[in-house]
Amino acid sequence: MQELDPAILQKANSWLQGSYDDDVKKQVQKLIDDKNYTELTDAFYRDLEFGTGGLRGTMGPGSNRINKYTLGAATQGLANHLKKSYPGEKIKVAIAHDSRNNADLFSNITAEVFSANDIYVYFFEALRPTPELSFAIRTLGCKSGVMLTASHNPKEYNGYKAYGADGGQFVSPEDRAVMDEVAAIKTIDEIKFNRVDANIEIIGEKIDNLYLDKITELSVSPDAIKRQKDLKIVYSPIHGTGITLVPQALKRFGFENVILVDEQTTPDGNFPTVVYPNPEEKEALTLAIKKAQEVNADLVLATDPDADRVGIAVKNTDNEFVLLNGNQTGAMLINYLLTAWEEKGKLTGNEYIVKTIVTTNLIEAIANAKHVKFYNTLTGFKYIGELMTKFEGKQTFIGGGEESYGYLIGELVRDKDAIVSSAFIAEMTAYYKDKGSSLFEALLNTYVEYGFYKEKLISITKKGKTGAEEIKAMMEKFRTNPPATLGGSKVITLKDYEKGTETDLTSNITSKLDFPESDVLQFITADGSIISARPSGTEPKIKFYCSVNGKLASVAAYKETDKQLDDKITGIMQDLGV
């Protein structure tokens, strides 16, 4: 039988003796009585870390779980930071939540703590998408905001995303200042849980309409939509918040033939029709694709629970529905936007686009060909948001995104936005159909023009304390002993974003990287392949991103070239041992 670390038992006992609710104490006592030491250890071996994006974890009692007390401490710490940062000011925040179990309860606890600290709260009346929270922060003059969500994680998870005054997640140095304040809360007796109703204002429909109005103003090809208003679009919110705004956004853009996946329209934190509510997973779109086949749809859209990511499916040249990955959709959106802006004479030379370092370089190739400024950021949309705030009023942001199915068009918010993205993916599909092309055919033509870039993501899950240690050991091994060749091509460059160095492995000359510190390694080969390794910041996973490219001589050569690139990726992953 597994032995229980005495330090774990001591920490669990502190919850039995502290000012915790009786129900929580009963749950902790049951873990002890049942000798469920694995669960007890995972619940108490550490304090759930308030990271740069906030909190995320499984729900339940314990210091390493999402519950009233870990969320209360996070909110008290954030409140302390805001009061120190804005002394003498009337501080306002906005709070929203998604469809997850306990999300309403947790959002109310967050509002209680803010209000008890004399901070004015704009509280969404019911579930809303993450990007709308960002919009509300910016529109209502808030200094911060909190979204209760665990994005596309399994149903056992919940989370707490903290935002700054620009509507983006906190970045350095403010993120560290907030983290320090949260870490400084040593006992739950420091948390103010006494709700002050006078400090809480319910918001909803008025912000919805303003947000939808502003999104609709961004449309670039309204004439194409008018001609293709009957475009058949199948949409699924996968039991999440997208149902509140995506159908309305599509309607306002002018689409009149939107078909909902009825089995997935009701918000439900158990996500009963899917294994994971993640539009990156083919399984999550099974019902949507079935519906699309029944009605012969042009486009399938599916958003994750907090509607900041969107997955799509389209018909390929064999008339079969296939999922486009985040790199393909992101590249197509940028190509469409730059082409449409160019055709409308809107490009002045002062526009820019952004992607993350693990997102396809096809986007860079398109931007360079169209002479539009292009920027790379670290993984995480907060870095894209940070750049947008830096350039606000000086340069015009057209669009940007990351491979994990998160995109943004226009400057309304500072986070990935599946509402505006769904509208523009539909607009893009209408634009190409108006020219006699499907979206898939347009993708192949993009490959012919700019190069065939193919990416694959492999995630390895390592749960709990031992898993975290294994992930750390894997990164250390790659850092100290990088591979000499990958996929038969010599590794010529090593980028270490934690050390902030780029090393030319042929000359052994090292230069500085102009990025914030981050635990990411990139291996670049002589043939232009890029392999990135990074531990996930929100899940117990290590992720390997592989990007290869080649020339696509013609649309007819697609399948053959696709297989060649696939084989290349397989060889690289075998060389890495993953």
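**A colleague's note on this predicted model**

1. Let us start with a cysteine. Cys142 is buried, with a relative accessible area of 3%. Please keep in mind as you read that this model is predicted. A second cysteine to look at is Cys546, which is buried as well, at a relative accessible area of 1%. How many disulfides does a search of the whole structure find? The search turns up zero.

2. Now to the charged side chains. Side chains of opposite charge can pair when their charged atoms come close. Counted with a cut-off of 4 Å between a side-chain nitrogen of Lys or Arg and a carboxyl oxygen of Asp or Glu, the structure has 37 salt bridges. The next points walk through a few of them.

3. Begin with Asp47, whose salt-bridge partner is Lys11; their closest N and O atoms are 2.7 Å apart. Asp47 sits in the loop between α3 (37-44) and β1 (54-58), while Lys11 belongs to helix α1 (residues 6-17), so this pair ties together parts that are 36 residues apart in sequence. As for exposure, Lys11 has a relative accessible area of 25%, which makes it partly exposed.

4. Next, find Lys68 and Asp21, whose side chains form a salt bridge with an N to O distance of 3.7 Å. Which parts of the chain does this pair tie together? Lys68 lies in helix α4 (residues 68-85) and Asp21 in the loop between α1 and α2 (22-33), so the parts joined are 47 residues apart in sequence. Lys68 is partly exposed at 25% relative accessibility, and Asp21 counts as partly exposed at 34%.

5. Further along the chain, the side chains of Lys454 and Asp562 meet in a salt bridge of 2.6 Å, N to O. This pair links distant parts of the chain, with Lys454 in strand β16 (residues 452-461) and Asp562 in helix α18 (residues 558-576), 108 residues apart. Are these two residues buried or exposed? Both Lys454 and Asp562 are buried. Elsewhere, salt bridges with shared partners join Lys161, Asp308, Glu402, Asp415 and Lys416 into one network.

6. Strand β1 is worth a look too. Four of the five residues of β1 are buried, so this strand is largely enclosed by the rest of the structure. Its pairing with strand β5 (residues 157-163) is antiparallel and is made through five bridges. To find your way along the pair, look for Gly57, whose bridge partner in β5 is Asn158.

7. There is also an open sheet of four strands, with mixed pairing and the order β13-β12-β14-β15. Which strands stand at the edges? They are β13 (373-377) and β15 (406-409); each has a single partner strand, so one side of each is left without a neighbour in the sheet. From one strand to the next, the twist averages 15 degrees.

8. Within this sheet, strand β12 (residues 351-356) pairs with β13 in the parallel sense, over five bridges. Here Lys355 stands opposite Asn376 in β13. Packed on the sheet is helix α12 (residues 326-343), which touches β12, β14 (396-402) and β15. The direction of α12 makes about 165 degrees with that of β14.

Notes
Residues are numbered from 1 along each chain as its sequence is written. This is a predicted model: local features need pLDDT of at least 70, side-chain atom pairs count only at pLDDT 80 or more; totals for chains, interfaces and linings use all residues. Side-chain values use heavy atoms; hydrogens and water are left out. Helices (H or I, at least four residues) and strands (E, at least two) are DSSP runs, numbered from the N terminus. Buried means under 20% relative accessible area, exposed over 50%, partly exposed in between (1.4 Å probe, protein chains only). Two strands pair if DSSP finds at least two bridges between them. Axes are lines fitted to C-alpha atoms, for helices over the stretch in contact, and angles run from 0 to 180 degrees between N-to-C directions. Contact means heavy atoms within 4.5 Å. A disulfide is a pair of cysteine sulfur atoms within 2.5 Å.
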